[in-house]
Amino acid sequence: MAAPPPSQLVLAHLLVALFGVGSWAAVNGVWVELPVVVKYLPEGWSLPSYLSVLVALGNLGLLVVTLWGRLARGKGEQVPIRVVQLLNVVGMALLAPLWGHKALVGGHSHSVGFLTLTFLLALACCASNVTFLPYLSHLPPPFLRSFFLGQGLSALLPCVLALAQGVGRLECPPASSNGTLGNPHYFPERFSASSFFWALTALLATSAAAFQGLLLLSPSLPPPPSEPSGDLGPGLQAGFPRAGPDEGAGEDEVLPLQESPSQAVGTIPSPNAEAHRLLSARNACLLGLLTTTSSLTNGVLPAVQSFSCLPYGRLAYHLAVVLGSAANPLACFLAMGVLCRTLVGLAGLALLGVLLGSYLMTLAILSPCPPLVGTLAGVALVVVSWVLCLGLFSYVKVATSSLLHGGGRRALMAAGVAIQVGSLLGAVAMFPPTSIYHVFHSGEDCVDECGS
């Protein structure tokens, strides 16, 4: 097959990235808009706990996708993908006008509109990992990194939109003559929550349109390689398209589950006969690594981010959220150029991320008076730690999923399940300490509780 022109490859990567944006943009957008909607909904600041439970229940979408796979064998992924995208667009379009709708349930007022539609969006987002990822098995491996780039943007773009909205802006009044501070003055948002949700609806519709464009373009793209290719050296390999001596500029990338004997030297042996065995020891380790990193990045660490950052000020918190979200797509860009292909290397990177995560967890436990509070060094350290921690875990997730790509659709389906199971375990593990036992404590705005 003739190699497509570079402009067509760039367009395809752009469409795949936009396709990935629609995976988790809905739930991420709801999360970052919580500081606005809690002021108007009866649940108040208990709403994050409700949202955590709804996202966990959203994993029921995995059962629906599994049932579809059993009842409609050979139908492919296009139908469930379109259903997921339709649920995202319609759910967000309904959330924009109905998020403030309340009703009496059990004698108490509840935000029925917000909670019901958020559960619908959680179902769609949780199902996206086990529908979107298997589709990418039909494309060359570099497109998987573009997808994760888009998935990273699904967290970054709502954060940027919320910052433009002016979420959480406040001003502390000067101290009075007796040294006491007055109540903080909160500035109104630049545009409403409804406008925010309409903007997300447009983003999700764009993502759905990108998938349709990808379907039209995919027949002209090279198929995923099925034979081992030449050696680029152990450990790290370039992830960009390479031109073979007889094939022009086609995308011919060495697959981690199809290594030649020369590539296996210095890495982990992976005989070609076992390359597609999903339950091989190597694949089990990769899936375990993917589950662990997803548990930390999607469940454990988000639960303590505000506790670890807010003692250093709202600027530190906003920088950690935005730059941490930006670290995800940057890690995907890095994986496009240099891909770590050894379990030892990936485990080492994950361990470094765990050490940084442990430091952040310690700050959260010591909140509202962690070390270096009130100093510029403390602000810089907590922000850099969040960026490096999330960047390392994002790279490990992208690299691990790339290694599983060679196993085809079943391997990517297993990767999607591992991501969702890890996210669920992390969320469930953090619910008791954050919402029941209140292990973590937050400070009050404009109140110095540490005597700094």
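Here are some notes on this predicted model, going from the whole chain down to single residues.

1. Overall make-up. The protein chain has 452 residues, and 50% of them are buried. In secondary structure, the chain has 15 helices and six strands. If you look at contacts with a separation of 6 or more, 82% of them are between residues 24 or more positions apart.

2. Surface. The accessible surface of the chain is about 19,700 Å². Carbon and sulfur atoms account for 69% of that area.

3. Cavities. How many cavities of 30 Å³ or more are there in the whole structure? The search turns up two, and the largest has a volume of about 40 Å³. If you want to find that one on screen, its lining is Phe 19, Gly 22, Gln 85, Asn 88, Val 89, Phe 132, Leu 204, Ser 207 and Ala 208. Helices α6 (78–98) and α9 (193–217) each put at least two residues into the lining. By class, the lining has five nonpolar and four polar residues, with no charged ones.

4. Aromatics. The whole structure contains ten aromatic pairs. One cluster takes in Phe 19, Phe 132, Tyr 135, Phe 147, Phe 148 and Phe 211. You have met Phe 19 and Phe 132 already, since both also line the largest cavity.

5. Val 16. This residue belongs to helix α1 (residues 6–21). Is Val 16 buried or exposed? Its relative accessible area is 0%, so Val 16 counts as buried. Beyond its sequence neighbours within four places, Val 16 is in contact with Leu 136, Leu 139, Phe 143, Ser 146, Phe 147 and Leu 214. Among these, Phe 147 is also a member of the aromatic cluster. For a sense of how the chain comes back on itself here, take Val 16 and Arg 145: they are 129 residues apart in sequence, with their C-alpha atoms 9.3 Å apart in space.

6. Ser 146. Look for this serine in helix α8 (residues 142–165). With a relative accessible area of 2%, Ser 146 is buried. Setting aside residues up to four places away in sequence, Ser 146 touches His 13, Val 16, Ala 17 and Met 336. The contact with Val 16 is the one listed from the other side in the previous point.

7. Ser 325. Here is another buried serine, with a relative accessible area of 12%. Ser 325 is in helix α12 (residues 314–337). Which residues does Ser 325 touch, not counting those up to four places away in sequence? They are Gly 152, Ala 155, Leu 156, Cys 159 and Ala 320.

8. The loop between α13 and α14. Most residues other than glycine have a negative phi, and most peptide bonds are trans. Against that background, Ser 367 and Pro 368 are joined by a cis peptide bond, with omega about 15°. Pro 368 sits in the loop between α13 (343–366) and α14 (376–404). Leu 372 is in the loop between α13 and α14 too, and has a positive phi near 65° without being a glycine. Leu 372 is partly exposed, at 43% relative accessible area.

9. His 438. This one also has a positive phi, about 50°, though it is not a glycine. You will find His 438 in the segment after α15 (408–436). Its relative accessibility is 46%, so His 438 counts as partly exposed.

Methods. Residues numbered from 1 in each chain as written. Predicted model: local features only at pLDDT ≥ 70, side-chain atom pairs only at ≥ 80, totals over all residues. Heavy atoms only, no water. 1 Å grid on protein atoms, 1.4 Å probe; cavity = no way out; pocket = protein on both sides within 12 Å on 5 of 7 lines; lining within 4 Å. Points joined across faces, edges and corners; volume = space filled by probe spheres on them. Helix = DSSP H or I, 4+ residues; strand = E, 2+ residues; numbered from the N terminus. Nonpolar A, V, L, I, M, F, W, Y, C, P; charged D, E, K, R; others polar. Buried < 20%, exposed > 50% of the residue type's maximum accessible area, 1.4 Å probe, protein only. Contact = heavy atoms within 4.5 Å. Areas by Shrake-Rupley, 256 points an atom, 1.4 Å probe, with all protein chains shown as cover. Phe/Tyr/Trp six-rings, centres within 6.5 Å; stacked < 30°, edge-to-face > 60°.
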